[in-house]
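Student: Please give me a close look at a single part of this structure, its packed interior. I would like one connected account rather than a list.

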Amino acid sequence: MSTASVSVRPGTVLADLLPASRVRDIALVAGGAALTGLAAQIAVPVPGSPVPVTGQTFAALLVGTALGARLGFLSLAAYALAGAAGVPWFANGTSGAFGASFGYVLGMLLAATVVGALARRGADRSVLRTAGAMALGSALIYAVGVPYLALSTGMSLGAAAAAGLTPFLVGDALKAALAMGLLPAAWKLAGRS
């Protein structure tokens, strides 16, 4: 009985385990955008907030980490542009570029890029490094989303943080915990940590 081992060079992300080609890149970008759109449909309203709890932030961080900075950025850019153009795959089947929660979508684009760059440096290989990458990614989403929420609704920054940040911290911790298990496990399944 033989076991196959995957040879992984430094700077590799999970997507690099597939043979490189333009078709692969297009499929990964489209798949990452679709996964984010699908995860956005898992939406739970938060009383007092125009922003629901969704699976979209988890998907965006997972896509960025698995695809790397370039493909992660392209995937979330495709998601944002298609949603802004009318594809109903933002939270609760909405679309458009000027809703109160669109800033979070823009933050996800930035976060996917950053966590993708960190993944190229091995941030997805251990539980602790994955936790750090997910925390930074979440912070970036809020750094863009909360001020956008304040501007788009006329709320003060404090009120926007109370409505668009505080109620989501526990859910984000759970999403990070899930990523902390999934990503290192994926590398172990691939035969290399």
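Tutor: What follows goes from the core to its aromatic rings, and then to the helices and side chains around them.

This is a predicted model, in which local features need pLDDT of at least 70 and side-chain atom pairs count only at pLDDT 80 or more, while totals for chains, interfaces and linings use all residues. Residues are numbered from 1 along each chain as its sequence is written, and side-chain values use heavy atoms, with hydrogens and water left out.

Let's begin with the core. The largest nonpolar core holds 47 residues; such a core is a set of buried Ala, Val, Leu, Ile, Met, Phe, Trp, Tyr and Cys residues joined through side-chain atoms within 4.5 Å. Buried means under 20% relative accessible area, with exposed over 50% and partly exposed in between, for a 1.4 Å probe and protein chains only. Leu76, Tyr79, Tyr104, Val105, Met108 and Met134 have the most contacts inside this core. H1, H2, H3, H4 and helix H6 (169–190) each supply at least two of its residues, and H2 gives the most, with eleven. Helices here are DSSP runs of H or I with at least four residues, strands are runs of E with at least two, and both are numbered from the N terminus.

Tyr79 leads us on to the rings. The whole structure contains five aromatic pairs, where rings of Phe, Tyr and Trp (its six-membered ring) pair if their centres lie within 6.5 Å, and planes under 30 degrees apart count as stacked, over 60 as edge-to-face and the rest as tilted. In one of them, Tyr79 and Phe90 have ring centres 5.3 Å apart and planes at 70°, so this pair is edge-to-face. Tyr79 comes from helix H2, whereas Phe90 sits eleven residues away in the loop between H2 and helix H3 (102–119). Tyr79 is buried because its relative accessibility is 0%, and Phe90 is buried too, at 6%.

Tyr104 and Tyr142 also form an edge-to-face pair, because their planes stand at 85° with the ring centres 6.3 Å apart. This pair ties helix H3, home of Tyr104, to helix H4 (residues 127–153), home of Tyr142, across 38 residues of sequence, and both tyrosines are buried. There is a cluster to look at as well: Tyr79 and Phe90 join Trp89, Phe102 and Tyr148 in one aromatic group.

H4 deserves a look of its own. It has 27 residues and spans 38 Å from first C-alpha to last, close to the expected 39 Å; that expectation is 1.5 Å times one less than the number of residues. Among its buried residues are Met134, Ile141, Tyr142, Val146 and Leu149. H2, H3, helix H5 (157–164) and H6 are included in what covers these buried positions. After H4 comes Gly154, with a positive phi near 80°.

H1 (residues 22–40) offers another buried set. Its 19 residues reach 27 Å, close to the expected 27 Å. Arg24, Leu28, Val29 and Ala33 are among its buried residues, and the buried residues of H1 pack against strand E1 (43–44), strand E2 (53–54) and helix H2 (56–84). Arg24 counts as buried because its relative accessibility is 13%. Beyond neighbours within four places in sequence, Arg24 is in contact with Ala15, Asp16, Leu18, Pro19 and Leu71, contact meaning heavy atoms within 4.5 Å.

Back at the core, Met108 reaches Gln56, Thr57, Ala60, Leu76 and Ile141, again leaving aside neighbours within four places. Thr57, found in helix H2, is buried at 16% relative accessibility. With such neighbours left out, Thr57 is in contact with Met108, Ile141, Asp172 and Lys175. The C-alpha atoms of Thr57 and Lys175 are separated by 8.5 Å, although the residues are 118 places apart along the chain. Their side chains make a polar contact of 2.8 Å, that is, a pair of N or O atoms within 3.5 Å in which, within protein, one must be able to donate a hydrogen and the other to accept it, and residues adjacent in sequence count only if both atoms are side-chain atoms.

Last comes Arg125, in the loop between H3 and H4. Arg125 counts as buried because its relative accessibility is 15%. Its charged end sits over the ring of Trp187, 3.7 Å from the centre; the test asks for NZ of Lys or CZ of Arg within 6 Å of the ring centre and within 35 degrees of the ring normal. A polar atom of the Arg125 side chain also lies 2.7 Å from the backbone oxygen of Thr12.
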